[in-house]
Amino acid sequence: MPLQVEMDPSGGVRIAYDLEWLHDVMLASSGSMVAFRYFSATEPAKGESKKAGGKTGGAHKPGAKKSGPEINRVYPRSNGPGFLLLEKTPTLDTAPKAGGRHHREVGRLERLCALFETGTQGLRVPLSDIAILSKRAVCVAVVESCKAVNFTISGGAPVEERRSPGWRIHGYPMLCVIGRHAGGFPANQGQWRAVQCVFGAKLTQLIRAARIGLEVVSREGFGSVFPTLADLPNGIRLDPGLLPPEAGTLAIATALRFTDAFISAMRKSTAPLATIDGLGGMDETKLAGVDRLMSALLELMRTSPALAPGDCAAFVTKFDNRAASYSPAAIEGLVEYHLEGVPVPVGAIGLKDRSKQRGDWNYGSDSEDEGEWASPSKTPSKGDGDADVVVANSIVVKKVSLITGMAALRMATSYGMRYSKWLYSDEGSLNESPLKDTQWVGTWAPYFELDQDELFKKLPSTNGVRVLIFDGAPNPINIPDAPSVFGQVGLGAIVIDTTNNTTREKAEYLSHFVGALARSQVRGAAGGVLLMVDSASKHPTGGDLVHGVMRICGTRGSVDTFIDKTLKPHLLFKLGKDKEKELGWEKKLSVLSPEETRMRRRLLDIRMLMRNADLLNAGIAIGGLGSKLGGAVSGVARVGASVTGGPRVGGRGGEGPPPAPVLDVPLLTPNNLGRVRRVVLAALPMPVAAVAPPQKEGSASVGPGPIPVEKKDTDSAKKAYAAQGAFAGPVHHIPDLTRDDSYYEENDIYNLQRYLLRGHANVAVLEGVDRRQWLEMNRNFFTTEYHPAITTATDTIIQPLQRNNNHWALVFITLGARGPGGRPVRMLYVDPLNPNNVPVEDLRRLTLPFPGLEAEHCLLQYQDDIGNESEGAQTSCGAWVVELAVRLVLDQHVLPAISPNRKAAALALRAAHQLVIRDARDLDWPVAPADVRLHVTA
């Protein structure tokens, strides 16, 4: 059964394939750009039959002649030529980190396309997105279920706030196993390769036993649909492929525990490890030794499935580097699972600009085709069918091919530096900018061999080089422990490694960073560009099938100028005859051949790879270059529509501009699709400006930007809160929350929310307020002076709101990453009983402390205490306000499903809250930080 991928409207995806299909994919992939040795099967001769994972010609010894072509593994770095550096004298960057590759057999691409096309053609999202999310799901589950003594396990989950650079960083779709101990086994590359072989052999045994896979292979290009292993400096890395999350997690966690016990046994051993130590290195002799150890362990695990870790350690210490026979039996199996949470496309929100179509350079990025889901022409006039697109009538996205491997990101970084330097030069459009003589190169978690400093130093001059480089889903080993702060604007280029990001995440980055690019005051003149790079050798579906790509994003003038002033001179550089022999490979590595262009068109057509047009269907609002860094214009543009943001001159009654049209695309998480609806909150007139009091040194603002503020009246506000009296109630009075005829008091809600979220320093739980207090809201309402729980670390605010005497609703506020204009703010309003009763006029008060606020409300009715009964009272709103606030924080803003028995669910909540209410009431009151630099002011 070939791969079948079916997507339902809610974002669930069914994935199914059998092991015979997987066998064929592995065989076809093994001879791609990043070749690998596949022990479990051989290439069948023409006319031979085969079974998945079995031999076609008896037992195979590594190195012996097989019935098909011999595969020599390229691991872990290519020794092919790199890319051209245009200095005073053109030179070739031949370092391994710049290495490029060619296809060994381009014809294998045809076989791979045939294997995928029946199950993926017509998908509304690219298979690469589904693969990334599937891999992350497995990684997260493994990290949660497996703890080890000798190594740490990470991957899958988004980067925690304390380590983020100030914007959202997405999870690495691979597992990283990093050693804990500085001394003892494993102490060098050879010993870590032995650990890798043990883990790979054990996991192979387990996935074969479960009939969910055939073999874990080792290769440099670790992206694929089957499990692959690769080296790390002090650990190993696993790409789980499309292993089913439940069974795959169990197999991986079991193999990791076995490997952990194996390391413990090796640390106790005193046997010499000269042979194992000799496995370190990059030459063919060393790598052949790794292959021999892997084949020996595969056979050992096959014949001794109950092998103890200590016995495995004894075997490894005695390994003598001899070839071993591995003879697995043929197996059959069907892998089938359901994946939740795949963002559903929402329809096109951009258009193609045909008026200034660029010429064809064989970059594989142009097309004569149009239409949201149009299939490429069978006989295209040029390119691979991936047309450039225009977002919000201003931002152009154009794709070009790049050399594969690590060089893709390195090449884009070099381009970005050179373009930024030109932009601020005497010839450039920003030659009068006060930034023209400045230099700034910011990096966050780039691949450890990018070595951007070397590229920077090789520039003839560095004035005007203003570049940010980061990985959008980085390897955890590259993430700095200390928080990073980036406050630069006027950037000539932003380079993002988006290989392991989904389409929606790429659209988020485009929306987030477009406002930080440099721009000229001259209409149509060039400004900064955003470069999103996908490296082929890491692609989630085996993207080493084709070269990597770079998406150039910016205004039409910026994109065209980048191509004319940077890309063209580089790729079309005329070499002298004395240099052609030395440097002639460069263009061949950077430009697709006609056959490669045709195959990439095919891969796009069957939805294995992302198209530019997919960015338009991601449901992300992408504004023009006037957008603030860290936020987007409220709303999503449609074809032919214009989206505007920011203040408008004039306006009736001093109000801001009318809100932009919106689609019901969730603000907090795509998983809330169908559960929320946007709310348009027209900005209230600003109070008459008064002289603002001096701010405390180092204080920060929660709101999106500096605007005039009125004088503070904190004393009156404090008196209003004290007048409520509820929070000063008897400390030792423990309420009976289990009575279904009783309401939660505001102090019950406040104390329970604080208690259940007490470990979340980023969450500020505030006291409930009634409508009178709410309507007194001013710009200072959400500051440390009003609420000591709010600090500069706060990114989530929980505000219960009392409506109609005893009824409670929830105002859930999130604060985005800080940019030059402040922090974007989003609000979710939840009324658990009356979801469509939204107090829009009251909620407009939030535009005073949070100008530019985007809002939505929940459509689900969680509360129903009466059900089918003829009488009763709706009293559980307080319990639901507590529960929903906690769930939104703990479940990454995902709204829970409605219980089939809402009355019983409310009673269960009451019982659970009763168990902790005493401890909740004993919590200390929040105290503002002594360091005023941590205070938030208006």
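Here are some notes on a predicted model, to read with the structure open.

1. Start with the open sheet. Five strands make it up, and reading across, the order is 5-6-9-8-7. The pairing here is mixed. Strand 5 (151–154) and strand 7 (217–218) sit at the edges, each pairing on one side only. As a reminder, the strands of a sheet pair through backbone hydrogen bonds, and the pairing can be parallel or antiparallel.

2. Now zoom in on one pair from that sheet. Strand 6 (residues 175–179) and strand 9 (residues 235–239) run antiparallel, and four bridges join them. Which residue in strand 9 is the bridge partner of cysteine 176? Find arginine 237, and you have the partner.

3. Next, look for the helix that goes with this sheet. Helix 4 (residues 189–209) lies across strand 6, strand 7, strand 8 (228–232) and strand 9. Check its direction against strand 8: the angle is about 165 degrees.

4. There's another strand pair to look at. Strand 2 (residues 13–18) pairs with strand 10 in the antiparallel sense, over six bridges. One matched couple to find is isoleucine 15 with its bridge partner in strand 10, tyrosine 337.

5. Stay with strand 10 (residues 334–339), which has two faces. Val335, Tyr337 and Leu339 are on the covered face, while Leu334, Glu336 and His338 are on the uncovered one. So Tyr337 turns up on the covered face as well as in the bridge with isoleucine 15.

6. What about the cysteines? A disulfide is a covalent bond between the sulfur atoms of two cysteines. Searching the whole structure turns up zero disulfides. Is cysteine 146 buried or exposed? Cysteine 146 counts as buried because its relative accessible area is 3%, under the 20% cut-off. Cysteine 197 is buried too, with a value of 2%.

7. Take a look at threonine 561, found in helix 12 (residues 556–571). Its relative accessible area is 16%, so threonine 561 is buried, the cut-off being under 20%. Which residues does threonine 561 touch, leaving out those up to four places away in sequence? Tyr419, Trp422, Ala526 and Thr566.

8. Last, the holes. How many cavities of 30 Å³ or more does a search of the whole structure find? The count is nine. The second largest has a volume of about 140 Å³. It is lined by 15 residues, and the closest to its centre are Val125, Asp129, Pro343, Thr503 and Ala618.

How values were computed:
Residues numbered from 1 in each chain as written. Predicted model: local features only at pLDDT ≥ 70, side-chain atom pairs only at ≥ 80, totals over all residues. Heavy atoms only, no water. Pairing = 2+ DSSP bridges. Contact = heavy atoms within 4.5 Å. Axes fitted to C-alpha atoms, helices over the stretch in contact; angles between N-to-C directions. Buried < 20%, exposed > 50% of the residue type's maximum accessible area, 1.4 Å probe, protein only. Disulfide = S-S within 2.5 Å. 1 Å grid on protein atoms, 1.4 Å probe; cavity = no way out; pocket = protein on both sides within 12 Å on 5 of 7 lines; lining within 4 Å. Points joined across faces, edges and corners; volume = space filled by probe spheres on them.
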